[in-house]
Structure formats: C-alpha cells, structure tokens
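Reader: I'm new to this one. Could you walk me through it, a feature at a time?

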Amino acid sequence: MTLQNDPDRLLPADPGTRDVARALYRSVEALPIISPHGHVDPTILVEDTPFANATELFLRHDHYVTRLLHAAGFSLADVGVPDLAGGGSVAAPRDAWRRFCEHWHLYAGTASGYWLSSILGEQFGVTEQPDGANADRLFDTIQDALQAPAFRPRALFDRFRIEVLATTDDPMDDLAAHAVLAADPTFSGRVLPTFRPDAYLDPAKAGWAERVASLAAWNGTPEGSYRGYLEALAGRRRHFIEHGAVSSDHGVPQPLTLELEETDAAALFDRALSGTADAADLERFAAHMLFESARMSVEDGLVMTVHPGVHRNHHAPTLARFGPDTGHDLPVRTDYVRPLRPLLERFGSAPGFNLVLFSVDETSYSREIAPLAGFYPSVFIGAPWWFLDAPDAVLRFRSAVTETAGFSRGSGFIDDTRAFLSIPARHDMSRRLDASFLARLVREGRIDEATAERIILDLVVDQPRRVFKL
Amino acid sequence: MTLQNDPDRLLPADPGTRDVARALYRSVEALPIISPHGHVDPTILVEDTPFANATELFLRHDHYVTRLLHAAGFSLADVGVPDLAGGGSVAAPRDAWRRFCEHWHLYAGTASGYWLSSILGEQFGVTEQPDGANADRLFDTIQDALQAPAFRPRALFDRFRIEVLATTDDPMDDLAAHAVLAADPTFSGRVLPTFRPDAYLDPAKAGWAERVASLAAWNGTPEGSYRGYLEALAGRRRHFIEHGAVSSDHGVPQPLTLELEETDAAALFDRALSGTADAADLERFAAHMLFESARMSVEDGLVMTVHPGVHRNHHAPTLARFGPDTGHDLPVRTDYVRPLRPLLERFGSAPGFNLVLFSVDETSYSREIAPLAGFYPSVFIGAPWWFLDAPDAVLRFRSAVTETAGFSRGSGFIDDTRAFLSIPARHDMSRRLDASFLARLVREGRIDEATAERIILDLVVDQPRRVFKL
Amino acid sequence: MTLQNDPDRLLPADPGTRDVARALYRSVEALPIISPHGHVDPTILVEDTPFANATELFLRHDHYVTRLLHAAGFSLADVGVPDLAGGGSVAAPRDAWRRFCEHWHLYAGTASGYWLSSILGEQFGVTEQPDGANADRLFDTIQDALQAPAFRPRALFDRFRIEVLATTDDPMDDLAAHAVLAADPTFSGRVLPTFRPDAYLDPAKAGWAERVASLAAWNGTPEGSYRGYLEALAGRRRHFIEHGAVSSDHGVPQPLTLELEETDAAALFDRALSGTADAADLERFAAHMLFESARMSVEDGLVMTVHPGVHRNHHAPTLARFGPDTGHDLPVRTDYVRPLRPLLERFGSAPGFNLVLFSVDETSYSREIAPLAGFYPSVFIGAPWWFLDAPDAVLRFRSAVTETAGFSRGSGFIDDTRAFLSIPARHDMSRRLDASFLARLVREGRIDEATAERIILDLVVDQPRRVFKL
C-alpha cells in the first residue's frame, strides 16, 4: 500500500477553511527550527558518525513506538530493547525492524504513525507502507541512505534548519560535548544544555544521598551542609549557564511547592540524609526545593520548566529488566493552582522570571494553566506534551487555552524528543495545526487573516525565542 | 411533525468528508451484531412471548428515559415504574405512554431520543414525532405490531443479525435459561452468561454475609472459611464457563486493587463477617478481591471487565420507593493508573489475560486509559459507557484515545443495554460514528481510505471477537 | 487595521451548516435580553449619569481585560486600577487606555477581544483596530459618544432591550436603588436584587463575626443566638423578595453540604463566634449553612444559584494592594455528585425548588452536572461561567451536557458581567453559538429544523423566565 504524505495533511476538511490554513502554513513552513527543550544526545553531533540502522533510529529508543508493540504482545527484547538485567537475547536490528513493519497497522491514527510516515516519506523517499514483505528492502534502503554524507547528524542539523537545539543534562555533567560544539569553527549550530536536577532535589529518588555527596565533593563543602548543598546547586547552574544553558527542567510527580525557613529545611535535609525522614518529610523537602529552584531562577535568569504529573515506571518487572523510559510512565491527575501558590505568591511577578508549565492532564489547560498564565507575568503555557503532542490533542489544547489567555502566553512548540530525525516532522506538524486552528478562527470571523499571519509567525519563531530568552 | 431518520444521519456535515464516511458506513452497515456485554433478560428468548406494550418496551425499564421525565417533574410511578415500597398506584401503560409522548421534546438532542427515533421509525414504521395527539394511536400501532410473529423476541434476534448476546448474571444463578437456549435445536443464537460478583466480593454491600453463606453452602465448606470462599467463587466461575461465559464483570465504586497475604485477607474476611470491620477494612478487602478476581481470570481465562466510578442510588427516597436502577446512579471522578498498579504489576503481562476498562469520567480516556492500554498487553479500552454512549461523546472518546493507542486497543462496541429493541439502533449508531471519525482522518490526510476500510471492519466484528475470545 | 464584525461571526464554517445557523440566529437576534444574574451596579441606572470615559467603561473594572495586561508585565496601577493600600500613583484614564490600545493584539482569539470588538464596532462605530497611533482618537470618540443622551445608562437599557436585569447584593443592603427604580414611573425596566450571603454564612471569611453581629442587631436578637441568626437571614431574604429578588447566590469554595442537628449547628456557631473553631469546624458549619440555604429556598421560593470552585485572591500581594476581583481568582477542580448529596436527598425533589449549578471545571459538565440535572427536578445546568463563557468553551459545554440532559435542563444564558455595555454583545454571542450548535445537529440529522427553531426560542427567552421564575 502506498505511503501517503498529502501536502495538505492535517489541514481542515472544509474547503474554505483549508484554503486559509494552507496560506498560513506556507508562510511559516520554511522557517528555522527552534527547539528549546528536548532529549537528543549531543555526542551524536560531536562525533558526527552515521546512524547505525533503522531500528537504532526509529525503534529502540522511541518508547512511543515500542510500547504499542509491547501492548501487541511482544517482549521489549523482541523489538530491540536491551535486556539490562536478565542478559536475555535481544532481537537483531533487522529482525526487530521486520516485526515493526509487520505491525505498521498498529500505528494508524497515532502521533507516532504520523511522524514515522513523514520521516520515511520525506527523509528517505519511501513510497510504500511498511509491511512484512518490504521490511528487509526498507531496512536496506534506510541503511544505504544513512551511509551518505547528507545523512550525517551535522548535515541533517543544517538541512533541518535547526537554529537552536537544547539537550537535557545531569547537573554534574561536565558538558564537554557542548563545549566541543561551541568551540568548533566548522559547526555553527547552537546546542545548549538544560539543567535537570530532579535526582538531586527529591530525596525520595534512588541515589539521592550519593548525588548530594557528589555535589558536596565538587563544592568542597561537607556532605551534611544544607547551605553547601544550595551553593553547589547554584554553582552547577552557573556552570550550565557558562555553557549556554537557558533553562532548568523539573520533572516532579506533582507541582508541590513550599517555603521553609532555612533551619527547618536544613533539619529535613539532615533527616533525609540520615534515612530518618518519613514520606511526608521527603515530600515537603522536595516541595521546598522546587520553591528554592524558582528563587535561583529569579537570581540567575534560567527559565524554569516544570513537567509534572507522570507516574514513572509503573510496571516494576519491566523497569527491573529494561530500565527506565521504556513505555510505562503514565499520566495522573495534576493540579497547579493550589500547589504552586507558595511559589507564585513569592516569585510570580518577579522581573525576568519565566516559568513554563507543562501538563499530561489536559483538563488542567482550561481550568488552571491558562488562567494562571493570563495573570502571572512569569507563567507560560507549555506546549502539549507527551501523549498530548498529537494532532487532535493539540487542537483541543489551543481551544482550551486561547479564549482565556490569547496567543501570547504560550511557550512556543516544544518537540521534547530523543529522536533526532523526527524533529522536522514534529515542528512541521505543529505549524500545520497552528495554521488549522487560526484558519478556523478566521473563517468564524473571530480574527482577520492579517492578524492570523502575524500570530503564526510569532508562535513559530518569536515566542520560543522570547520565552526561552534565546 | 415528521419523524425523520435521515439515511446520512450522524455523518459529518462537510460534503467531502460525508462522502467518505458514507462509503465506510455502507461497508459495515449490514454486518452481524456482536454484543459481548449487556443486560437483556435471557428468559425473553426462552419464552419467546410477545412484548407487552410500548411502555413495557420503551419506558418502564429504561432509566435513561424515565429519568428525564422525573426531572421534568413526574413521579416515577406516573411513568409506569412500580412503587415497590409504598404500594402506591402506578400509571397504566397507556397513560404512562401518553405522558411520554407529550414530553417527546425533552429528548431532542439526547442519545435516548436518537435511539427511540431509530426504533420507532425503522422497527415500527412510525413517521410522525410522538405527541399528545398521536400518543394513543402510536400505542395501538406498537401493540398491534408486537402481536405479529415477526416481533417475537427470537424473530427479532434473527432479524437483528445478532451473532452473540451476553447477559449479566448473579454468580449463584443456575443459568437454566442459558442451558435451555443452548440445548434448543430451533434456536441457533449464542446467548452467553456473564459472571457479575460485586455483591459477593464487596463486604460493604447489603446482604454480603448472606451471599457468602450461599457460596459456602453450595461449596460444602464452612461459612467462615476464606479458602472455601475463594474455592466457591472459582467453582461458580467454572459453572459459568461451562454455560458459555466469556467474561466476568466488576462494577466497583473505584478500581482499587490490593494484594494481601492470605492470612491478612482471611483476617479481614473474618472481621467483615463478624461485623467488626471498619470502613477502611471493607475497602481493603474489596480491593483485594478485585485483585483476586484478576488472578482467577488469569487462571480460567474469563475476560475481566471493570465498570467503575458510579455513585449508586444517590437519592435514598427514590431507592426506598422504586428500588435500584431508577435513574439516580451518577458518575464521579475516577482514577486508574495508581489504583490498578498492584493488579497490573502482577498480571498486566500475563498471557491470555484481558482486562477491559470502562469509564464514566471521560477525562480518564486520554490521561489514563489509553496510555495504560498502549503499554499493557492485557488492557483494552472499554467503549464509551452509560452517559458517554452518545454521538458527540463517542467522537470525543475516539479523539481522546486514538492518537495514543491507535485503533487496536479498543473493546469493540458494547451496547450494555436492557432494551432489547434498541440493540440494532445502538450498534448502527456506533458504526456511523466510527465511519465519521475515520472519514475525518482520511480527509485530513492522516490515514488512507483503504486503511480506514480495514479498520472499520476490524472495529465492528474482529475486535469484539478477539477481545472477548468469541 | 480594520476592525471587523462579520455579520456571520461565530457561525460554523461549513456553508450548509452556516445557512441553517444563520436562519436560527436571525429568528432570535432581536429578542429581549433577560439577565437573571450579573454584577452591574444599580446606582448607574438610578443616577443615569454618563459613563466617564473609555478606561472607566472597558478597562478598570474588567479584570478579564486588566489581567492580560498584568500578565504582559504591567502593574495594575499602570492600567488604571487604584492602588488601595500603597496609595501609589495610578495611570490617568487616557494613559491607561493608550496602554491597552498598544496591546490590543493580546486579546486576539479571547472572549474579551470578541466582546470588545463587538462593542467598539456596534455601539461606537469604530472601524479600526485599537493601536498606539489611534488610541487618543478612539478615547475622544468614545468620550464624545458618552456625552450624548443616547449613551446614558437608561437609554442604553432601552436600546439593549433589557427585560430583566438582576444585580448581586449584600444581605444587609437596604436596596434603596432598587426601590427607587421600581417606584420611578419614567423607568419601566425590571432591576432585581440578588441575595448573596457568603460573607454571612462562611465563618472562615474575614469579617464574619461582624456580619453576624449586624444581622443580630437588625433582628433584635442576641449576637450569640443561632436561632436568631437563622431568623435574621430569613428576614433579610424576605426583604430582598419584597424588592423583587428571585434568587440567592452562593459563591462557595466547594459545594459541600451537610445536615446538622440544630444543637450541633448552634454549638459550631458558638465556637466560630468565640474563635475556638478549627478549620474542619468552619468548613462543616459553612456546609451546613449551604444546606440551610436550600431549606430557606424551599420555604421562600428564591432560586438558589451556586458558583463554586474558585480559589479567590491567589496572589496575596495583589490583594493587599488592589483589593479583590483583580484578576487572580483561579478555578480549581470541583465535584458535585458527592458533596451535594445531603442537600439533594432532602430537597432534590421539593416542589418549586430550583438549584442552578455553575462550574469553572468543565470536566464536571458531562460527568456530574448534566447527570444530576437529568434526574433531579430541582437541578438546572448553569450556563458556562467565567473563563468558560467563550465561543469554543460554550460549544464544548453544549456538546457535554445535551446528550445526557437535552435542552430543557439549562439555566438559559447568564452574562454575569459588571460591564454594562457588554451585555448585548454577550447575549448576542450566546445566541450565535446556540444557533451554531443546533445547526450542526440539524445537518447531522439529529434534530429537524422546526425543532431547532423551537429550542432556540426556548433557550433565549422561555428558559431563563422559567428557571428564574420571572
């Protein structure tokens, strides 16, 4: 069966609305990509070695893709995910790819299916839908393409017109890859680190005490010193800023915040380190550290992004065998208005403070996030994230937030991807959907076409630059 | 006023999309009906006696219909519901029907209005909207039709092309009706019981201790034996399986699950029987028994369906006078990810285990149910249920789940009805809506038409067969 | 840039559906306005003095408008809101207006932007979008218009065809303004007070004890008498009824209700007055008083409206400086089914009792409010409120409630506005959206056009008259 990539895809069916949407989309189609939050590994750009094969590229690292094969009854090892614990056998890349192609139908109507179709068609010139019969041929086609200089990571970076690409990094990362790229006169792209301190801030996380110790060692302060701990965090943030970081990212279970007196915080820190803290203590300390992170952002200017509401590693047997990020992180109900109040009372109007709130609970968009962003100058509405980064979900999001907060309070599109090759397809999808949403408002007489043109330009390039201080 | 049943009803307004939708609908319109969960009384097929009259058929047993008349100010007795407690007078069928016809306008835009229009028009050839003037005539028209052999339950079963019809039954039911039908060489339909054990598993339910006693008596074990209780439940499940059952159904307040050691469970069982358990004990025991039900499903292969999140019998005075299922069961917020974790950690990947999650809180579709079903091979997304089994709600459901989980993780359509005559109208509605949703994706360039044809065929017949092991 | 007010604005883009919608809209476009709940100050009609200027009219009192300027980085004082506490300088009206015009683009796509466009275009004949260049000219144009007799409040009241306008008033208000208007032979409009007793019923509110004292003084009973307190509330309700009131309004944090024995309620009342009540006591007493308010409604016939789920005054520094109602009241999750059960068990079927449930948590519409209103004769679905009173949100609302509860269980449109000049634009918006929703159902073959015409007429005039007993 033919693999279609309709030039008008995702545009509204109504012919009059589609015409308006197409014109809006064309006006931003070719603009550079600004990607202020994502999970691409910077070493692929440092080393600039070819990607290995189709499975490495599309399958093994993309838990959106492997999870549906898992749901269809395959072990993750069958689709190329290494068995970390058991040391069991893992499917060879070509076998994993064949399995995927045989189950291409599982992806019909999904966001992953949409991206994969775009990438296969537009990057690799594939014109047939993957299936069991063509799997080997497609594997070879992709393999061949990947050997060409045009498919080396740096060449793709240029071809994709990426202006800025942010990575996500451990606070103790030396950021050597970023330094190499910045110093390389043959590479002109901007690749920025992002400070992601959850494992250092939440004492309920495994390995927290060891991480606190590493901070103390780096800072030359005693492990048990709460003040030294804060200094070290601030110091590592400076290190990130010196390497171009513009934001810190916080993946908290719920966006709880709490302002504690220093002595109370220090006492909780002691109890957490000594293992005598109870669950409520741990939660209070983590909430306080989210508050402290906002204080540091106000001081050092890093944009603060919060990705709450995910129950990580739901299926312990899969975690034990395959590690984290293997498809069983699941959304849960999330509130923002009450939990963020301590932080916003204190820093909500602080000059230069930018706080971007993401959600996987779409009920929060109209009820809490848009109303917050429509009052607090610091608060911006994070683009639809994770399972919500999909065509219908994005249109629901726009509908949910715009009437309350307009178009000026968004983060700009965030691809949040580990899959380097999916970046242009994701940004292109976002541009098509923004064009579709705006075209509907035009046709319903709610904005005029000139205004829609101004807005889509702002959404695509100016808004992410402004919100992320690029 | 004319009663319209537009042949294109429920198809999208945009002409291009409607053309695609119409073709998809036509391709499945005449396929057999598979109904793996519902509440039809099997004795109507055993006895095959004519339905009594229009009130008996459309009004008295259908709390979707009577509730809107109640909201309009009528007592349930005024619309034909027997006054169990007070023994007050109940409207004669013809009077109740007249009242309903006079208030036909209340149903405009509702799911009930849609079904009733379809049934009146397509089954009874009615061409005018019910009103006070034609009420008596319609009552007679329907009465006359019901006397005809073509309107006897078995004739309708054939005319409706019902391939499988599941009933919902008490665990101690002898299933004699099912046995008679299975043994009857003149009846070729498949009518299957469903094991519905809530009243035996949740010690907070009135009469639980008596039901435990009846299990013990049947099993020949002491009433106070927890192990005997488990054995008896497993035994009754076997009895159901021998009579064709393919699923057990669980109507729990919230989908809480808990794994207890046998001694702890037995201790709670004792306390519950002796009346010394507190509310937390009762909840823990019920959560444990939902977990145990999954274990039994893994062992005996019954598909497990869960219908949580309903506050039953909200209005105690109505319960006292008219009994349960009289229109005041009301949805409440429901979570799935956290409460089901114990069950899914243990059985989420168990071979052959199928767990179908229904919801009356539609926020759970995109946030929890689709993400769960997109990872766990056991989890399937239950079709929109109760108040959500309506045109717009079904399209919202498809939009909420498809981008995350695709089309392969659904249950297939479930009519869940007590109203035998509404079965074809309900399945037809679902087919029209699936066609509409798919046609939009086709027109937005997200799937091609051949794929849409394959999907709708799968949704209508293959998916329910697969998920319910038919 | 041109300020457009498309005559077909808000009607659906699909041409066939738009034709149906236009006809429906035309059929109700010119009908009188019934406004049974809002916040217009009645003294503007008593005094009938011209409005001061554009800032006074559109900006300073409208926290929907000022909040987006605040989010854009302005102090509220910069946009004309008086600095109550600090006594800091406040922008002159013309300067505030200029700031607003320079940021007109912030409102594109918002409900406020829609209303402001309608008002500027239709009331003031403005044909260009506000901007920095035309700000002064527009200020003058509006100023000039406001001096004309046709723009005096009473003239506008007639021009807007307002049949009924309800205000919202403190229980101890003498209602002199209402009395003056009622007695004035030159004013024929109906301006009704609304009893809003939150500050007298919820002991957690600042000043509660003083308000209880004022009730006692008025009633001539001891301050500590719970029975005297109830008598006084009933007495003030009678005072309101004598001045034309048809409803009492309850802005509670959550719709908790509780029936207490009189002795228990009196004991809580004592503890609350003496300052010895804890937070749980205060919440229980407030829940009991919501229950008592329903009892009083059953007795005296006032319609009971409930506006729950708002976290008031989220940003304490803004409250301290600018007072309440300054843009930082924020929605939170709200439940109805369980919290309202005590009230509904007791009064849900009481003859003549009307309870209108509003929500700022739109998830409650399909899950709880429509199901409640589809059973209890007393319960009506409040029109979309606050952030949800916007085009897309209204269509989502109709979609969420109609399939369960039909069209008969709504409150009719409620403008809930302080902005007198926005009243016609808001009602017009509602009529356009009702027409759009109904037109879609017509085109999808779900209702016929004659039924749609009947329904829209009912929604616009008969329903609010019926529900609010006008």
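**Strands, helices and contacts**

Author: Let's start in chain C, where β4(C) and strand β5 (residues 303-306) of chain C run parallel and are joined by 4 bridges. Helices (H or I, at least four residues) and strands (E, at least two) are DSSP runs, numbered from the N terminus, and two strands pair if DSSP finds at least two bridges between them. Before going on: this is a predicted model, in which local features need pLDDT of at least 70 and side-chain atom pairs count only at pLDDT 80 or more, while totals for chains, interfaces and linings use all residues. Residues are numbered from 1 along each chain as its sequence is written, chains are lettered from A and ligands numbered from 1 in the order in which they are written, and side-chain values use heavy atoms, leaving out hydrogens and water.

Reader: Which residue stands opposite C:Asp249 in β5(C)?

Author: That's C:Thr305.

Reader: And how do I read the two faces of a strand?

Author: In a regular strand the side chains alternate between the two faces of the sheet. For β4 (residues 247-250) of chain C, C:Ser247 and C:Asp249 sit on one side, C:Ser248 and C:His250 on the other, and all are buried, so both faces are covered. Buried means under 20% relative accessible area, exposed over 50%, and partly exposed in between (1.4 Å probe, protein chains only).

Reader: In what order do the strands of the open sheet in chain B come?

Author: The order is β4-β5-β8-β9, 4 strands with parallel pairing. At the edges are β4 (247-250) and β9 (379-381) of chain B, each pairing on one side only. Neighbouring strands are turned by 25 degrees against each other on average, direction ignored. Angles like this use axes, which are lines fitted to C-alpha atoms (for helices over the stretch in contact), and run from 0 to 180 degrees between N-to-C directions. In β5(B), B:Val306 is the bridge partner of B:His250.

Reader: Which helix lies across β4 and β5 of chain B?

Author: Helix α14 (residues 279-300) of chain B does, running at about 155 degrees to β5(B). As for contact, the term means heavy atoms within 4.5 Å.

Reader: How do I check a helix by its length?

Author: The expected span is 1.5 Å times one less than the number of residues. Take helix α19 (residues 423-443) of chain A: it has 21 residues and reaches 30 Å from its first C-alpha to its last, close to the 30 Å expected. Of those 21 residues, 19 are buried, so α19(A) is largely enclosed by the rest of the structure. After α19(A) comes A:Gly445, whose phi is positive, near 70 degrees.

Reader: What about a positive phi outside glycine?

Author: Most residues other than glycine have a negative phi, and most peptide bonds are trans. Here, A:Asp325 has a positive phi near 55 degrees. A:Asp325 lies in the loop between α15 (316-322) and β7 (330-331) of chain A, and is partly exposed at 33% relative accessibility. C:Asn313 also has a positive phi, near 55 degrees, but is buried, with a relative accessible area of 17%.

Reader: And salt bridges?

Author: Side chains of opposite charge can pair when their charged atoms come close. The rule here is a side-chain nitrogen of Lys or Arg within 4 Å of a carboxyl oxygen of Asp or Glu, and the count over all chains is 121. One of them joins B:Arg154 and B:Asp184 (2.8 Å, N to O). That pair is 30 residues apart, with B:Arg154 in helix α8 (residues 153-159) of chain B and B:Asp184 in the loop between α9 (176-183) and β3 (190-192) of chain B. B:Arg154 is buried at 14% relative accessible area, and B:Asp184 is buried at 17%.

Reader: How many salt bridges are there between chain C and chain B?

Author: There are 5. Among them, B:Asp361 pairs with C:Arg367, the closest N and O atoms being 3.3 Å apart. The area buried between these chains is about 3,800 Å², with carbon and sulfur atoms giving 51%. Buried area is the accessible area (1.4 Å probe) that two parts lose on being put together, summed over both. In chain C, C:Arg367, C:Phe375 and C:Glu403 lose the most area to chain B, together 21% of what that side buries.
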